[in-house]
Amino acid sequence: MKLLVTGGAGYVGSVCAAHLIEAGHEVVVLDDLSTGHRDAVPAGATFVEGELGAAAGEVLGAGGFEGVLHFAARSLVGESVQRPELYWDGNVVASFRLLEAVRAHGVPRLVFSSTAATYGEPEQVPIPETAPTRPTNPYGASKLAIDHMITSYATAHGLAATSLRYFNVAGAHVTGTERLGERHAVETHLIPLVLQVAAGTRESISIYGEDWPTPDGTCVRDYIHVDDLADAHLLALTHATGSRHDVYNLGSGHGFSVREVVEACRTVTGHPIPAVVAPRRAGDPAVLVASSELAAERLGWKPSRTELERIVSDAWEFARSR
């Protein structure tokens, strides 16, 4: 298939683009490089530099596209609280322009990079797709708004659409020729932050609270390897059904605590990694773990790279390659 990957110079988008190319698809990457990196676009992809809302119509207008995988988005929770206008415009308005281009040019399939942030603070764990969606910040709200838009386009215009709600994506795509991983200008994810300590660019890692109702007192999160995530996108493409919008959670189904993550990083890197306990952060749930039973049942998807040290090892391999 000829596919458009928006945000394909970013972390998850670049890894998914690499998997698509390996599977024999023709890939066009559209990215404005505001947070992505030109050298992250996988070999074999055609690259178009441009802003999503303005350029999507022109790119899709070239014809022949059988699907869009939509990763382009702003994704900093703190920034979304301070500057919500960036998220309503850069996420919601730009995605509306993309959907209009998809409709205008008759593209039959869409896979959207959604997020567990659409659920807010969960009532039950593991979190199923039927859980109430009550986002606690504009980032999560913007992604939920896009999900609602996609549902309406699937119903009205026959689009075969899938939203994949990620939990904590981690690790890196490490092959003989490629190293694709996380390198954000503003890093907020735990594993790369801990590895910055091992690399000598950060003095210590902060643990926000050690009195949570968890086995070791620190927060528990569900980590999914980015290659497992990419596998789910390929399956979503092949299982998409016209006039339907399916939503799937993607996670491992079990969680690791902050202390467990720090200890795994110490084991992998051989670095002591000093950790400093800090006060709890407002709005942090004690436990966030996905139920991915629906994805297993309908897509045949099951993560295979679930060992924490494997996830950390691949992330460390990528970090050392920079």
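This report describes the annotated domain, some strands, one helix and the cavities of a predicted model.

## Basis of the model

Residues are numbered from 1 along each chain as its sequence is written, and side-chain values use heavy atoms, with hydrogens and water left out. Because the model is predicted, local features need pLDDT of at least 70 and side-chain atom pairs count only at pLDDT 80 or more, while totals for chains, interfaces and linings use all residues.

## Annotated domain

An unreviewed UniProt entry lists residues 4-251 as "domain: NAD-dependent epimerase/dehydratase"; positions are given in the numbering used here, feature names are shortened, and such annotations may be inferred rather than shown by experiment. Over residues 4-251 the chain is 37% helix and 22% strand (DSSP runs numbered from the N terminus, helices being H or I of at least four residues and strands E of at least two), and the end C-alpha atoms are 25 Å apart.

## Strand pairing

Six of the seven residues of strand E5 (residues 109-115) are buried, that is, under 20% relative accessible area with a 1.4 Å probe and protein chains only, so E5 is largely enclosed by the rest of the structure. Two strands pair if DSSP finds at least two bridges between them. Strand E4 (residues 67-70) runs parallel to E5 and is joined to it by three bridges, with Val-68 opposite Leu-110; E5 also pairs in the parallel sense with strand E6 (residues 160-166) over seven bridges, where Ser-114 has Arg-165 as its bridge partner.

A three-stranded open sheet of mixed pairing has the order E14-E11-E16. Strands E14 (256-257) and E16 (287-288) stand at the edges with a single partner strand each, so one side of each is left without a neighbour in the sheet. E11 (residues 220-221) pairs with E16 in the parallel sense over two bridges, and Val-220 stands opposite Val-287.

## Helix H10 and the largest cavity

The 14 residues of helix H10 (residues 308-321) should span 20 Å at 1.5 Å a residue, and this agrees with its end C-alpha atoms, which are 20 Å apart; the expected span is 1.5 Å times one less than the number of residues. Buried residues in H10 include Trp-316 and Phe-318.

Phe-318 also lines the largest cavity, as do, among others, Tyr-11, His-37 and Arg-183. A cavity is a set of points on a 1 Å grid over the protein atoms alone where a 1.4 Å probe fits but cannot get out, and lining residues have an atom within 4 Å of a point. The largest cavity has a volume of about 80 Å³, a volume being the space filled by probe spheres set on the points, which are joined across faces, edges and corners.

Key: On a 1 Å grid over the protein atoms alone, a cavity is a set of points where a 1.4 Å probe fits but cannot get out, and a pocket is an open set with protein on both sides within 12 Å along at least five of seven lines; lining residues have an atom within 4 Å of a point. Buried means under 20% relative accessible area, exposed over 50%, partly exposed in between (1.4 Å probe, protein chains only).
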